[in-house]
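Q: Could you take me through one part of this protein up close? I'd like to look at the sheet and how its strands line up.

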Amino acid sequence: MRSDSELLDIPVAPFELTERRRRNQELNIAEYRDRAVRLESRPLALFVELTQNCNLSCPMCRFGEKYQKEWNMTEELYERLADELFPSVHLVDIRGWGESTMLPLFGRHVARALSYRVKLRLVTNGQINRPPVWDMMMRAHGLVTISVDAADPELFTKLRGGGTIPRLERTLAELVSARDRHGVPRDHLSFNTVASLDNLHDLANVVSLAARMDVPTVVIHPMVASLDDPSHLRHDLDRTQEAYAAAAERGRREGVVVQLGAAPDPSLAIPEMVRRPACMHPWSYAYVRYDGSVGFCDHLLGSDDYTLGNLRDSTFEEIWNGERWQRLRQAHTTGDIPDQFAPCRYTYAQRYIDFEYLVHPDREAGLVSNQTHREVTFRRDPREAPSVPWVPAADGPEALIPLDAVTGRMREARD
């Protein structure tokens, strides 16, 4: 199996803002502000997909695939990323389409990242409990987000296929204990919740579960699905708005920040908070998948369609400043998003700031939560704020949707 006990003896320390990181951050923010398409800076946040294997079979993304060793990132590729990119990035996020904690060498990967004194972040389903790893991450003031879509045990198991609440609670107890033992800010632990019509009735209870387990933040994202999916939130906007309001109020009563990573629907978005100006991800983010393919947005890790090159064939610099990545930055500057990057249109229709402020401090002003807003949704006629599909219609023409085509119309409706 594995032995993590030796991790307890590895010295680690919190994030260090070295001169190299400081200069890179200043330059990257300036290049983003100036909408440069060819960059001298390197990414501020790097997402590393250690594996596409997963211990669960969630109906929203998994279909019961068997474990395949070739879906794991090689040690050689991980070391290459560490040597080349970790010294300049602020944030290293070790997750992807799979579950990183199931890897026998996961603790070693964590230790390697922390040797560079990065901000280390992990998103996990919380079903594999590795106390020595949690201790090491908390000694370095790492950030851990746990995916929790329900508080009801039966619904939890249904939505997180194969997962259980008792296993989740054991992992959470160890994480909270390590956090408090090492004096880590409480908000370094959080829940990530995907909302659909299947679990709307349980959202407020997820907030109560967070309060009971001493997790101070719940970030809610709407399920991304075709409008044909009966679980899509647009099919019942009244119930959606009521459930979000109930979760926000429960959070206020129980001391939990309920943050919206995106509006539940464009017709329920707060217009002035929908992501503007241009999304920073093409300038400041990069991800590397298990197979060496490179992309620009953590929301697109699961697909080959949005990668811009592969480290098996090119250097990172050749991809980062290659023609395809430069065209992408230009598209986000002009607002003409081509079909190849259709999910970006969704961003400009309903996404808010998530955790971008960890590398771009001024992004914190874009947060939407029950602390920043009394009402976390704003209702308008769905005809004035049409649903934006994640992928274009197969039989439709290539559509170019300027940034203001959706957000501008929503602001006018509110004014």
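A: Here is a walk through the sheet, starting with its overall layout and then moving to one end.

Keep in mind that this is a predicted model. The sheet is an open one built from 10 strands, and they sit side by side in the order S7-S6-S5-S4-S3-S2-S1-S8-S9-S10. The pairing is mixed. In general, strands of a sheet pair through backbone hydrogen bonds, and the pairing can be parallel or antiparallel.

Now for the two edges. Strand S7 (257-260) and strand S10 (309-310) are the edge strands, and each one pairs on one side only.

Let's zoom in on S7. Its partner S6 covers residues 217-222, and the two strands run parallel, joined by four bridges. To find one of those contacts, look for Val 219, whose bridge partner in S7 is Gln 259. How does the chain get from S6 to S7? Helix H8 (residues 237-254) joins in here: S6, H8 and S7 make a right-handed β-α-β unit.

Being at the edge doesn't leave the faces of S7 bare, as both are covered. On one side you'll find Val 257 and Gln 259, on the other Val 258 and Leu 260, and all of these are buried.

For another parallel pair, go to S1 (residues 45-48) and S2 (residues 91-93), which are joined by three bridges. Here Leu 46 has Val 92 in S2 as its bridge partner.

One last stop is a stretch outside the sheet story: UniProt, in an unreviewed entry, lists residues 15-42 as a "coiled-coil region". In this model that span is 54% helix and 0% strand, with its end C-alpha atoms 18 Å apart.

Definitions and conventions: Residues are numbered from 1 along each chain as its sequence is written. This is a predicted model: local features need pLDDT of at least 70, side-chain atom pairs count only at pLDDT 80 or more; totals for chains, interfaces and linings use all residues. Side-chain values use heavy atoms; hydrogens and water are left out. Two strands pair if DSSP finds at least two bridges between them. UniProt positions are given in the numbering used here, feature names are shortened, and annotations may be inferred rather than shown by experiment. Buried means under 20% relative accessible area, exposed over 50%, partly exposed in between (1.4 Å probe, protein chains only). A crossover is right-handed if, with the strands pointing away from the viewer, the path from the first strand over the helix to the second runs clockwise.
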